[in-house]
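Here is a quick tour of charged pairs, helix packing and one odd backbone angle. Have the structure open and follow along.

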Amino acid sequence: MTPDQEQETLRQILARMATPTPAPFTRASGPEIPPPDFELLAQLAQFILYAALGIAILVVAAAAIGALARRARRSQPAPVSSPARPEIQIEEATRHAEAGDMRTAMRHLYLAALAVLDERGVLRFDPALTNREIARAVRPRPELEGALMPVIDIYDPVWYGHKTISTEQFEGFKLDIQNTLRLSESALVAAQELPA
């Protein structure tokens, strides 16, 4: 074999060994997936955002309304049997004291004292007033204000602060109430004795 023939044979061998060129890519047959609609996706995202904001606003509003309702319930004064009838308050105070509920007994006794002071014209009973405002109402009578302040100083932390009160403390509270009422009575008598 001649060198030209050898070269030709080698080319033929190499040509058979050469990798065939791949056929162009063709898609497998099946359902066609349409391209995404970005406008629809944007509208969907906007809807989800607005829905989440709406839910968040409703949750915050419900929490705020609940907090306001709880605050309103707490700030409402406890139901009073009859502020104008101290004898009913005294009966309730006695009943609760005998049952061992000194806190509620103290409340009824305090309300009875306020009703008596109202009847005597010493102050105007108004459940909307705070106890400090009630004390300021009797300020023109310093001895009466001086007697009423220890009553309020015991009453406020027990009633509004839910502190416990012992039987001995309750008895001291009753003495302070009696002292206040005695002073209001002597002020009433002195006012009636003044010439018109």
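What follows is a short walk through a predicted model, beginning with its salt bridges.

## Salt bridges, and a local one to start

Side chains of opposite charge can pair when their charged atoms come close. Searching the whole structure turns up 7 salt bridges.

An easy one to find is in helix H1, which covers residues 3-17. There, Arg11 forms a salt bridge with Glu8, and the closest N and O atoms sit 3.5 Å apart. The two residues are 3 apart in the chain, about one turn of the helix. Glu8 has a relative accessible area of 38%, so Glu8 is partly exposed.

## Arg124 and Asp126

Further along, Arg124 pairs up with Asp126 in another salt bridge, this time with 3.8 Å between the closest N and O atoms. How accessible is each partner? Arg124 has 59% relative accessibility and is therefore classed as exposed, while Asp126, at 22%, comes out as partly exposed.

## A link between H5 and H6

Now look at Arg132 and Asp156, another salt-bridged pair, whose closest N and O atoms are 3.9 Å apart. This pair links distant parts of the chain: Arg132 belongs to helix H5 (residues 131-137) and Asp156 to helix H6 (residues 142-159), with 24 residues separating them. Asp153 joins in too, because shared salt-bridge partners tie Arg132, Asp153 and Asp156 into one network.

Is Asp156 buried or exposed? Its relative accessible area is 18%, and the cut-off for buried is under 20%, so Asp156 counts as buried. Arg132, at 35% relative accessibility, counts as partly exposed. If you skip neighbours within four places in sequence, the residues in contact with Asp156 are Asn131, Arg132 and Gly161.

## Helix H6 itself

H6 is built from 18 residues and spans 25 Å from its first C-alpha to its last, close to the 26 Å expected at 1.5 Å a residue. Asp156 isn't alone in being tucked away here: the buried residues of H6 also include Leu144, Leu148, Val151, Ile152, Tyr155 and Trp159. Glu145 is on that buried list as well, along with Ala147 and Val158.

## How H3 and H4 pack

Which way do H3 and H4 run relative to each other? The axes of helix H3 (residues 86-98) and helix H4 (residues 102-119) come within 8 Å and cross at roughly 165°. Angles over 145 degrees count as roughly antiparallel, so that is the label for H3 and H4. Their crossing is left-handed.

On the H3 side, the contact is made by Pro86, Gln89, Ile90, Glu92, Ala93, His96 and Ala97. H4 contributes residues including Met102, Ala105, His108, Leu109, Ala112, Val116 and Glu119.

## An unusual phi at His162

Finally, swing over to the loop between H6 and helix H7 (167-193), where you'll find His162. What stands out about its backbone? His162 has a positive phi of about 55°, although it is not a glycine. With 60% relative accessibility, His162 counts as exposed.

Note on methods
Residues are numbered from 1 along each chain as its sequence is written. This is a predicted model: local features need pLDDT of at least 70, side-chain atom pairs count only at pLDDT 80 or more; totals for chains, interfaces and linings use all residues. Side-chain values use heavy atoms; hydrogens and water are left out. A salt bridge is a side-chain nitrogen of Lys or Arg within 4 Å of a carboxyl oxygen of Asp or Glu. Helices (H or I, at least four residues) and strands (E, at least two) are DSSP runs, numbered from the N terminus. Buried means under 20% relative accessible area, exposed over 50%, partly exposed in between (1.4 Å probe, protein chains only). The expected span of a helix is 1.5 Å times one less than its number of residues. Axes are lines fitted to C-alpha atoms, for helices over the stretch in contact, and angles run from 0 to 180 degrees between N-to-C directions. Angles under 35 degrees count as roughly parallel, over 145 as roughly antiparallel, 65 to 115 as roughly perpendicular and the rest as oblique. A crossing is left-handed if the near helix is turned anticlockwise from the far one by less than a right angle, and right-handed if clockwise. Contact means heavy atoms within 4.5 Å.
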